[in-house]
Amino acid sequence: MKDRIRIWVLALLAAAGGAAGGGAFAAPSDVSPTGFLVTHRHEVKATPHRVWEALGEIDKWWNGSHSWSGQAANLSLATQAGGCFCERWGANSVMHARVIHALEDRMLRLEGSLGPLQALAATSIMTFALAPQDGGTTLVVTYRVAGNEAAGLQQLAEPVDGVIGEQVRRLVAYVETGKPDPAKP
């Protein structure tokens, strides 16, 4: 209950523009042995259409160190229902997730357990919600993971939050600057 109240208060602050990090908001919640919810919110200095386009350019912003091949260039994301967030290298391939709901310029929802969650038989839903805001976009990314109690998912909430947060920050940087890590040449 305390986590839900904390999320509610932070969401209100973020909506009012009071969240730290220039409109950024992130927090894992609903953490238990059977699952968790990760939420990342950013104000993006680009239109919803540009953010939507960038989602399909996942090979340009996802950190390759969080892939099976180690190379972001091997990633692809087809932004229509049934589309694959896939990775292919040589004779190898991985379906990280599949698109289950696509509303151009508004929302993209994927079903798939990323990385080590795949072996835990967890069910995971990631949603990218886009809303126009003062000439830019409010981007809210949620990742809900659920599984059986034996999986001990509460131990993975913080690391998964870190990985998802990194990817969302890279997406925002890519949309705003053309580079997922503006500090690097």
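These legends accompany several close-up views of a predicted model.

**View 1. Trp61, Trp62 and Phe85 come together as a cluster of rings.**
Let's begin with the aromatic side chains: a search of the whole structure turns up two aromatic pairs. In one of them, the ring centres of Trp61 and Trp62 are 5.9 Å apart and the planes meet at 55°, so this pair is tilted. In the other, Trp62 and Phe85 have ring centres 5.3 Å apart and planes at 70°, so this pair is edge-to-face. The Trp62 and Phe85 pair links distant parts of the chain, 23 residues apart: Trp62 sits in the loop between α3 (58–61) and β3 (75–77), while Phe85 belongs to strand β4 (residues 84–89). Are these rings buried or exposed? Trp61 has 1% relative accessibility and counts as buried. Trp62 is buried at 6%, and Phe85 is buried at 5%.

**View 2. Arg98 and Glu111 join two strands through a salt bridge.**
Here the side chains of Arg98 and Glu111 meet with an N to O distance of 2.8 Å. Arg98 lies in strand β5 (residues 92–103) and Glu111 in strand β6 (residues 107–111), so the salt bridge ties together parts that are 13 residues apart in sequence. Arg98 is partly exposed, with 37% relative accessibility, and Glu111 is partly exposed too, at 28%.

**View 3. Further salt bridges involve Arg41, Asp59 and Arg50.**
How many salt bridges does the model hold? The count comes to six. One of them brings together the side chains of Arg41 and Glu43, at 2.7 Å from N to O. Arg41 is buried, with a relative accessible area of 13%, whereas Glu43 is partly exposed at 27%. Asp59 and Lys60 form another salt bridge, with their closest N and O atoms 3.3 Å apart. Asp59 is partly exposed, at 28% relative accessibility, and Lys60 is partly exposed at 45%. To complete this view, look for Arg50, Glu53 and Glu57, which salt bridges link into a network.

**View 4. The largest pocket holds about 310 Å³ of space.**
The lining of this pocket is made up of 17 residues, and the closest to the pocket centre are His66, Leu114, Gly115, Pro116 and Val163. Which element gives the most to the lining of the largest pocket? Helix α4 does, with four residues. By class, the lining of the largest pocket divides into twelve nonpolar and five polar residues, with no charged ones.

**View 5. The largest cavity holds about 80 Å³ of space.**
Now for the enclosed spaces: the structure has two cavities of 30 Å³ or more. The largest cavity is lined by 14 residues, of which Phe85, Ala97, Leu110, Met126 and Phe128 are the closest to its centre. Phe85 will be familiar from the ring cluster with Trp61 and Trp62. Two or more residues of the lining of the largest cavity come from each of α3, β6 and β7 (123–133), and the largest share, three residues, is from β7. Sorted by class, the lining of the largest cavity has eleven nonpolar, two polar and one charged residues.

**View 6. The second largest cavity holds about 30 Å³ of space.**
The residues that line this cavity are Trp61, Trp62, Met126, Phe128, Ile164, Gln167 and Val168. Trp61 and Trp62 are thus seen again, after their place in the ring cluster with Phe85. Two elements, β7 and α4, each give two or more residues to the lining of the second largest cavity. Helix α4 gives the most, with three residues. This lining divides into six nonpolar residues and one polar, with no charged ones.

**View 7. Glu158 lies in helix α4 (residues 157–177).**
Is Glu158 buried or exposed? With 54% relative accessibility, Glu158 counts as exposed. Val38 is 120 residues away from Glu158 along the chain, and the C-alpha atoms of Glu158 and Val38 are separated by 8.8 Å.

Technical notes
Residues numbered from 1 in each chain as written. Heavy atoms only, no water. Phe/Tyr/Trp six-rings, centres within 6.5 Å; stacked < 30°, edge-to-face > 60°. Buried < 20%, exposed > 50% of the residue type's maximum accessible area, 1.4 Å probe, protein only. 1 Å grid on protein atoms, 1.4 Å probe; cavity = no way out; pocket = protein on both sides within 12 Å on 5 of 7 lines; lining within 4 Å. Points joined across faces, edges and corners; volume = space filled by probe spheres on them. Nonpolar A, V, L, I, M, F, W, Y, C, P; charged D, E, K, R; others polar. Salt bridge = Lys/Arg side-chain N within 4 Å of Asp/Glu carboxyl O.
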